[in-house]
Amino acid sequence: MHATVTAHPNIALVKYWGKRDRALNLPAAGSLSLTLGPVGSRTSLRWGAEQDRVSLDGRWLHEAEVAPFTRFLDLVRARAQRVGAAPLGGAEVVSENDFPTAAGLASSSSGFAALAVAAAKAAGVAMSPAELSELARRGSGSAARSVFGGFVRMRAGERADGTDAVAEPVFDADHWPLSMLLGVTVEGPKDVSSRDGMNRTQETSPYFGPWVETVEPAVEAAIAAIAARDFERLAEVAEASALAMHASAIAAVPGVLYWRGATVEAVHAVRSWRAAGIPAFFTIDAGPHVKVCVPREDEERVAEMLRDVPGVSRVIVTRPAGAPVVHG
Ligand code: PMV
């Protein structure tokens, strides 16, 4: 009735932004990501509690904050019931991230992946990786990808029930020695959650449709570039995907603008490095931080350079990592 799981966050190289179904959290298009460590979420879960209780980074959440977790845990309770297990009761969840929570550094991806795997394991309910990905997706779209390590493709799927809207591994973590440098700019929680940002974009941005059209060709192009370990090509595809996603968000009404001055400074810096022959490309999620992907051999010198960009307060160095680990 108890399990502890560590899961790693992922950063999308081809972004997910928009849903085909809100209730089931089904993406409007696919995406492609890289799972990254050593940072991660460590989540312990025990079934059999009187009610659901959740502690996040050392703070027990208020009732209203626990509600979304209860809806998520209900999915596992229902599944356990379907396979004839004894009622699970409430869950006591203690989760710690070793990187900033809710700041556009993908903590929801590792958090819900760890929670999905821990909840199923502690319940003794056997679930395939695809089923765990489907479950994690209900917590957060990007979490569906953190159920796997390395390079991961998320499928939009077509079925109304979302059983085909799951992620699948494409290449292992050791396929290509890359590093992802997380350039932290403005610290603290973001103004607009990714959920609200993407919903507003979908409802009001004239560029939402055109953005969605870019996604599947970009996923295919990125997979071909990764297969060939073609850094220049991956750089082109990944930067274009991030910029097109943000362009669609900026054109929402009111515009969803995650960037700060330092974000733009870092983007220009990365482009000038590449023009000078230093392989590096950027990507940006629903926050002001800039993630910079480099070949492993350039990790140290580019991390130094990124630290020197005005407004970048610190750099977290990450590398491709594996699937969630169950500690028992
Ligand atoms: O998983 P969510 O709902 O937090 O959405 C993630 C959205 C982006 O990080 C901006 C893009 C992505 O594909 O991860």
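A polar side-chain atom of S194 is placed 2.7 Å from an oxygen atom of the ligand, a polar contact being a pair of N or O atoms within 3.5 Å. The model is predicted, so that local features need pLDDT of at least 70 and side-chain atom pairs count only at pLDDT 80 or more, while totals for chains, interfaces and linings use all residues. Residues are numbered from 1 along each chain as its sequence is written, and side-chain values use heavy atoms, with hydrogens and water left out.

Two further side chains approach oxygen atoms of the ligand: an N or O atom in the side chain of S142 lies 2.6 Å from one, and an N or O atom in the side chain of D285 lies 3.2 Å from one. Taken alone, the ligand exposes 380 Å², of which the protein buries 91% (accessible areas by the Shrake-Rupley method with a 1.4 Å probe). The ligand is surrounded by 14 residues, the closest being Y16, S140, S142, R145 and S194, where a residue is near if one of its heavy atoms lies within 4 Å. This shell divides into six nonpolar, five polar and three charged residues.

N25 is found in the loop between the strands β3 (19–21) and β4 (26–27), strands being DSSP runs of E with at least two residues and helices runs of H or I with at least four. N25 counts as buried because its relative accessibility is 2%, the limit for buried being under 20%. The C-alpha atoms of N25 and G141 are separated by 6.5 Å, although these residues are 116 apart along the chain.

Empty space was examined on a 1 Å grid over the protein atoms alone, where a cavity is a set of points in which a 1.4 Å probe fits but cannot get out, a pocket is an open set with protein on both sides within 12 Å along at least five of seven lines, and lining residues have an atom within 4 Å of a point. The second largest pocket has a volume of about 270 Å³, and its lining has six nonpolar, no polar and six charged residues. Both α1 (63–82) and α3 (129–139) supply at least two residues of this lining, and α1 gives the most, with five.

One cavity of 30 Å³ or more is counted. The largest cavity has a volume of about 40 Å³, and its lining includes K15, Y16, W17 and W211. By class, the lining of the largest cavity has seven nonpolar, two polar and one charged residues.

Key. Polar contact = N/O pair within 3.5 Å; in protein donor to acceptor, adjacent residues only side chain to side chain. Nonpolar A, V, L, I, M, F, W, Y, C, P; charged D, E, K, R; others polar. Points joined across faces, edges and corners; volume = space filled by probe spheres on them. Buried < 20%, exposed > 50% of the residue type's maximum accessible area, 1.4 Å probe, protein only.
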